[in-house]
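Take a look at the fold below. The report starts with the sheet, follows the chain between strands, and ends with two arginines.

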Amino acid sequence: MHIRGDHAELVVGGRLDVRSAADARTALHAAVDSGRGDLVLDLTELDSWDATGLGVIMGAHRRAGRVNRRLVLRGVPPQMQRLLVATRLHRILAIEGGIEAESIPRV
């Protein structure tokens with residue numbers, strides 16, 4: 001997993017899973033705490049995430065809300081879109097362009 005960017009936009013790549021969760025959490029919290037306005041997470045380079053990785057994203061979402069910021073997901077890969085729809089988190093998280101449950105291809 002790698003994260004690069006600043007307090008306004010981060011690019012998350014590789015795998016966001018139990019092995020990388022602590023480092024990801026630290027980087028996301030630092031970005032949330034040091035900026036203002038929307039924090040965009042660009043996920044176009046993300047290969048996969050597991051429940052722990054999703055928990056990191058949700059934790060960053062809650063932390064951003066507590067400091068009057070908004071976490072915005074950009075470039076959510078299709079398989080991750082399906083997970084967000086299945087868990088109904090697409091209704092809670094801000095997703096650039098939105099996700100329509102009907103538009104997600106079934107595999």
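## Strands that pair

Two strands pair if DSSP finds at least two bridges between them. This model is predicted. Keep both points in mind while reading on.

Start with strand E2, residues 9-16, and strand E3, residues 39-49. They run parallel, and 7 bridges join them. Two partners show how they line up. Glutamate 9 has valine 40 as its bridge partner in E3. Leucine 10 has leucine 41 as its bridge partner in E3.

## The whole sheet

Now step back. The sheet is open and has 5 strands. Their order is E1-E2-E3-E4-E5, and the pairing is mixed. What stands at the edges? Strand E1 (2-5) and strand E5 (94-95) do. Each has a single partner strand, so one side of each is left without a neighbour in the sheet.

Move on from E3 to strand E4, residues 71-74. E3 and E4 run parallel, joined by 4 bridges. Valine 40 stands opposite valine 72 in E4. Leucine 41 stands opposite leucine 73 in E4. Valine 40 thus links two pairings: it is also the partner of glutamate 9. The pairing of E4 with E5 is parallel too, over 2 bridges. Here valine 72 stands opposite alanine 94 in E5.

## Crossing from strand to strand

How does the chain get from E2 to E3, two strands that run parallel and share 7 bridges? The chain crosses through helix H1, residues 21-34, and this β-α-β crossover is right-handed. Next, the chain crosses from E3 through H2 to E4, and this β-α-β crossover is right-handed as well. Helix H2 covers residues 51-66.

One more unit follows. E4, helix H3 (residues 78-86) and E5 make a right-handed β-α-β unit.

## Arginine 66: on the outside

Arginine 66 lies in helix H2. Is it buried or exposed? Arginine 66 is exposed, because its relative accessible area is 61% and the cut-off for exposed is over 50%. Compare its place with that of arginine 25. The two are 41 residues apart in sequence. In space they are 16 Å apart, C-alpha to C-alpha.

## Arginine 69: on the inside

Arginine 69 lies in the loop between H2 and E4. This residue is buried. Yet arginine 69 has no salt bridge. Which side chain of opposite charge is nearest? That is aspartate 38, 7.0 Å away. A salt bridge needs the charged atoms within 4 Å, so this pair does not qualify.

What does the side chain of arginine 69 reach instead? One target is the backbone oxygen of valine 32, at 2.9 Å. Another is the backbone oxygen of arginine 36, at 3.5 Å. Arginine 69 also touches residues from other parts of the chain, including His7, Ala8, Gly35, Leu39 and Ala64. Both Val32 and Arg36 are on that contact list, and so is Asp38.

Note on methods: Residues are numbered from 1 along each chain as its sequence is written. This is a predicted model: local features need pLDDT of at least 70, side-chain atom pairs count only at pLDDT 80 or more; totals for chains, interfaces and linings use all residues. Side-chain values use heavy atoms; hydrogens and water are left out. Buried means under 20% relative accessible area, exposed over 50%, partly exposed in between (1.4 Å probe, protein chains only). Lys and Arg count as positive and Asp and Glu as negative; His and the chain ends are not counted. A polar contact is a pair of N or O atoms within 3.5 Å; within protein, one must be able to donate a hydrogen and the other to accept it, and residues adjacent in sequence count only if both atoms are side-chain atoms. Contact means heavy atoms within 4.5 Å. A crossover is right-handed if, with the strands pointing away from the viewer, the path from the first strand over the helix to the second runs clockwise. Lists of a residue's contacts leave out its neighbours within four places in sequence.
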